[in-house]
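Student: Here is a structure to go through. Please justify each label against its definition.

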Amino acid sequence: MRTQVAIIGGGPSGLLLAQLLQTKGVDSVILERQSRAHVLGRIRAGVLERGLLDLMQEAGVADRMQAEGFTHDGTLISYGDEMFRVDFKALTGHAVMVYGQTEVTRDLYEARDRTGGEVIHNVQDVTIHDANSDSPSVSYTVNGQTQTISCDFVAGCDGFHGVSRQTIPADLRREFEKVYPFGWLGILSETPPVNHELIYASSDRGFALCSMRNAGLSRYYVQCDLSDSPENWTDDAFWAELKRRIPSDQAAKLITGPSIEKSIAPLRSFVCEPMCWGRLFLCGDAAHIVPPTGAKGLNTAASDVHYLFEGLAQFYATGKTQGIDAYSERALARVWKAERFSWWFSSLMHQFPDQSGFDLRMQQAEIAFLRSNESAQRAMAENYVGLPY
Ligand code: FAS
Ligand code: PHB
């Protein structure tokens with residue numbers, strides 16, 4: 001089989017890149033390790049930057065998002081029983097869209113089907129060959145048969161545990177990592193959100209986040225120990241802990257119900273440099289990971305896709321390579337700003353097991369400064385709504 005761009009990974013990065021390439025008549029094949037149902041069963045991001053909305057529109061996949069998504073002009077930040085609002089719209093002129101990653105992925109799969117694009121599911125033993133040549137290829141097995149795709153380029157959109165990053169020789173990769181000493185226990189419940197905007201809550205018992213998917217589907221998180229497991233938490237125990245971490249007036253109106261999903265996500269910051277090798281380009285979680293505090297994971301995958309799409313579209317339209325040659329440098333410049341914001345917001349809002357009394361006072365002073373200073377709020381808002389591409 002032959003294609004122009006072989007895309008490894010049928011998550012949001014791979015699907016969005018494929019759909020954008022298709023608008024320019026560039027052919028691609030997506031190789032996905034899991035079934036479609038498995039991919040669509042993941043509960044992940046919830047907040048979308050304007051850049052991702054623009055890309056979904058450019059790809060012709062934004063109709064349902066525009067109809068069913070929720071525009072949020074600001075967010076709430078609480079510490080103990082105090083709470084204040086950061087007004088994104090007033091401070092930056094922009095808002096964010098609340099629309100689950102699951103729905104983004106669903107919309108992209110349906111568009112892929114509609115436009116006749118190929119996704120090969122349940123592939124195994126994916127191997128990238130000759131990435132550092134003008135004629136790379138990708139081999140894989142499906143239904144016990146080994147197949148090979150020859151291509152012009154390989155897009156490694158296969159997430160943190162994929163094969164693409166490992167294909168770049170270890171002596172050419174520089175990896176930067178910070179592992180946080182806690183995780184997020186998240187639940188999904190068919191209950192109305194406690195507030196029409198998100199609440200990022202800092203408390204002496206740890207962090208909590210009140211989010212949502214729609215008016216009848218809420219997403220809540222509490223910071224938990226790395227050694228914890230979802231089985232340790234009954235729904236009642238989760239609700240009781242969440243109520244202890246958010247302001248009492250919010251806790252008093254929280255509507256609880258059975259969880260329909262319960263999971264723990266570890267928190268890490270990670271970046272691989274460079275994000276390319278020869279004709280292999282890494283996108284999204286294959287190249288970088290952020291703690292979900294700043295809602296930057298999916299959104300930074302989107303800016304990678306934007307830069308790579310621009311470079312590949314230029315190559316196929318003109319034969320020029322400036323865009324693909326500059327991809328890694330352009331993408332990393334924005335990736336590191338997202339890493340910084342995610343690290344800053346995570347450091348601000350979480351309780352660290354080894355933090356001293358001085359560290360705690362620094363957190364409290366930083367939150368108090370954020371509450372009282374418009375410039376501090378503008379800086380936070382500009383990062384949260386999404387820095388320019
Ligand atoms: P993905 O990991 O989504 O997709 C990669 C795809 O490649 C997967 O479908 C995988 O099956 C496939 N794959 C892997 N290896 C392969 C191989 N060898 N061959 C073929 N296919 C292969 N971000 C937020 O902004 N907010 C959040 O709340 C949030 N919560 C998260 C919770 C968890 C548990 C995780 C893991 C991530 C979370 N993220 C969150 C980040 C997440 O949303 C990612 O940023 C987003 O999924 C990135 O999309 P992709 O780069 O497409 O990677
Ligand atoms: C979510 O709704 O899952 C969500 C929202 C904002 C975040 C992280 C997760 O910062």
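**Strands and ligand 2**

Tutor: Leu 31 stands opposite Ile 120 in β8. The model is predicted, so local features need pLDDT of at least 70 and side-chain atom pairs count only at pLDDT 80 or more, while totals for chains, interfaces and linings use all residues. Residues are numbered from 1 along each chain, ligands from 1 in the order in which they are written, and side-chain values use heavy atoms, without hydrogens and water.

Student: What makes β2 and β8 a pair?

Tutor: Two strands (E runs in DSSP of at least two residues) pair if DSSP finds at least two bridges between them. Strand β2 (residues 28-31) and β8 have 3 bridges, in the parallel sense, so they pair by that definition.

Student: Why do β8 and β18 count as edges?

Tutor: The open sheet of 6 strands runs β8-β2-β1-β12-β19-β18, with mixed pairing. β8 (118-120) and β18 (276-277) each have a single partner strand, so one side of each is left without a neighbour in the sheet.

Student: How do you know that Tyr 221 makes a polar contact with ligand 2?

Tutor: A polar contact is a pair of N or O atoms within 3.5 Å. An N or O atom in the side chain of Tyr 221 is 2.6 Å from an oxygen atom of ligand 2, so the pair qualifies. For Ala 295, a backbone N or O atom lies 3.4 Å from a ligand 2 oxygen, which is also within 3.5 Å.

Student: How much of ligand 2 is buried?

Tutor: Taken alone, ligand 2 exposes 280 Å², and the protein buries 98% of that (Shrake-Rupley method, 1.4 Å probe).

Notes. A polar contact is a pair of N or O atoms within 3.5 Å; within protein, one must be able to donate a hydrogen and the other to accept it, and residues adjacent in sequence count only if both atoms are side-chain atoms. Helices (H or I, at least four residues) and strands (E, at least two) are DSSP runs, numbered from the N terminus.
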